[in-house]
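Subject: Structure handover

Hello,

Here is the structure you are taking over. My notes on what was found in it follow below.

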Amino acid sequence: LSSSSGLTHESHKKDVEQVYLRCSEGSIEWMYPTGALIVNLRPNISPASYKHLTVCIKPFKDSAGANIYLEKTGELKLLVRDGDRSPSRVYCFGYDQGGLFVEATPQQDISRKITGFQYELMSKGIAADLHTASAPCRPCSDTEVLLAVCTSDFVIRGSIQNVTNEAEEQESVIHVGVNKLYRQKSKVFQLTGESGNWRGQIKTLLECGVKPGDGDFLFTGRMHFGEARLGCAPRFKDFQRMYKEAKDKGLNPCEIGPD
């Protein structure tokens, strides 16, 4: 978390402050914004790898008081306009497309304003998985499922307990009962209640039309801004079939023991 306050610059309305961030994910909070911030993302990796990175930012729900631009060699491209209330909107761009320039907008009372956003740096391949505009709801091929088992942030066998639709955010929340937990990067799926059942939530696009259904599925996906996002999710019996076929041919990319 990087935090800054504009009150220290009250007498210098046009001050520009530089912020350097070394972490691959985190958040910026600018209280009482005046002037501007230049946000420099400098992850602890080889500069040669920068061209393979995608940057995503997600403004705080009540963020206000500044415009957020993408800046490269003095040219500004507006990313987030002050007052834009698009819920859960995520803005992504290639690391080599420029840096972030956050400029305060004129305010009568800056003490009521806080500008902030979360950010994530990820490889372009992972970013493409999360933001596949061409066919975000299509079923995965056998090869894609087997690869997802090896590379996803979470892999679980479970059933759909319920689905709640969030029309404003254009998302569906899948409430999952977990029968077997193979892997999870963050503690999204946890033991709940005295019964000792594992449960958790996975988000996907509303347009995919996910409905509650019988039977077990293999849920895979990525963590994105602290939320589990759905990747491949075949029926578990179909996964068992494709896993066995690949194993018999010596083609499965990794082993998890699907029983």
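Two strands are taken as paired if DSSP finds at least two bridges between them. Strand 15 and strand 16 pass that test, since 4 bridges join them, and the two run antiparallel. Please keep in mind that this is a predicted model.

The hairpin

One of the bridges in this pair can be placed by residue: Met223 has Ala228 in strand 16 as its bridge partner. Between the two strands of the hairpin there are 2 residues. Phe225 takes a positive phi there, near 50°.

The disulfides

There are 4 disulfides in the structure. A disulfide is a covalent bond between the sulfur atoms of two cysteines. With the bonded cysteines of the chain numbered in sequence order, the pairing reads 1-2, 3-6, 4-7, 5-8. Three of the links are described here.

Cys56 is bonded to Cys92, with 2.0 Å between their sulfur atoms. This pair links distant parts of the chain, as Cys56 sits in strand 5 (residues 53–59) and Cys92 in strand 8 (residues 91–94), 36 residues apart. The angle about the S-S bond is 105°, and the link of Cys56 and Cys92 is right-handed. How do the two ends compare in accessibility? Cys56 counts as buried because its relative accessibility is 0%, and the cut-off for buried is under 20%. Cys92, at 34% relative accessible area, is partly exposed.

Cys137 is joined to Cys208, S to S 2.0 Å. Cys137 lies in the loop between helix 1 (124–130) and helix 2 (142–151), while Cys208 lies in the loop between strand 14 (197–205) and strand 15 (217–224), so this disulfide ties together parts that are 71 residues apart in sequence. The link of Cys137 and Cys208 is left-handed, with -80° about the S-S bond. Cys137 is partly exposed at a relative accessible area of 34%, and Cys208 is partly exposed at 23%.

Cys140 is joined to Cys232, S to S 2.1 Å. Cys140 is placed in the loop between helix 1 and helix 2, and Cys232 in the loop between strand 16 (227–230) and helix 3 (236–248), so the bond ties together parts that are 92 residues apart in sequence. The link of Cys140 and Cys232 is left-handed, with -90° about the S-S bond. Cys140 counts as partly exposed at 29% relative accessibility, whereas Cys232 counts as buried at 8%.

A further cysteine, Cys23, has a relative accessibility of 49% and counts as partly exposed.

The nonpolar cores

In soluble globular proteins, nonpolar side chains tend to be buried together. Here the largest nonpolar core has 25 residues. Which residues have the most contacts inside this core? They are Leu41, Ile57, Leu79, Leu100, Val102 and Phe117. Another core, of 14 residues, lies apart from the largest one, and includes Ile160, Val163, Val178 and Phe219.

Val102 can be followed in more detail. Leaving aside residues up to four places away in sequence, Val102 touches Trp30, Gly35, Ala36, Leu37, Val39, Ala66, Asn67, Ile68, Thr115 and Phe117. Among these contacts, Phe117 is also listed with Val102 as one of the residues with the most contacts inside the largest core.

Regards

Definitions and conventions
Residues are numbered from 1 along each chain as its sequence is written. This is a predicted model: local features need pLDDT of at least 70, side-chain atom pairs count only at pLDDT 80 or more; totals for chains, interfaces and linings use all residues. Side-chain values use heavy atoms; hydrogens and water are left out. A disulfide is a pair of cysteine sulfur atoms within 2.5 Å. Buried means under 20% relative accessible area, exposed over 50%, partly exposed in between (1.4 Å probe, protein chains only). A nonpolar core is a set of buried Ala, Val, Leu, Ile, Met, Phe, Trp, Tyr and Cys residues joined through side-chain atoms within 4.5 Å. Contact means heavy atoms within 4.5 Å.
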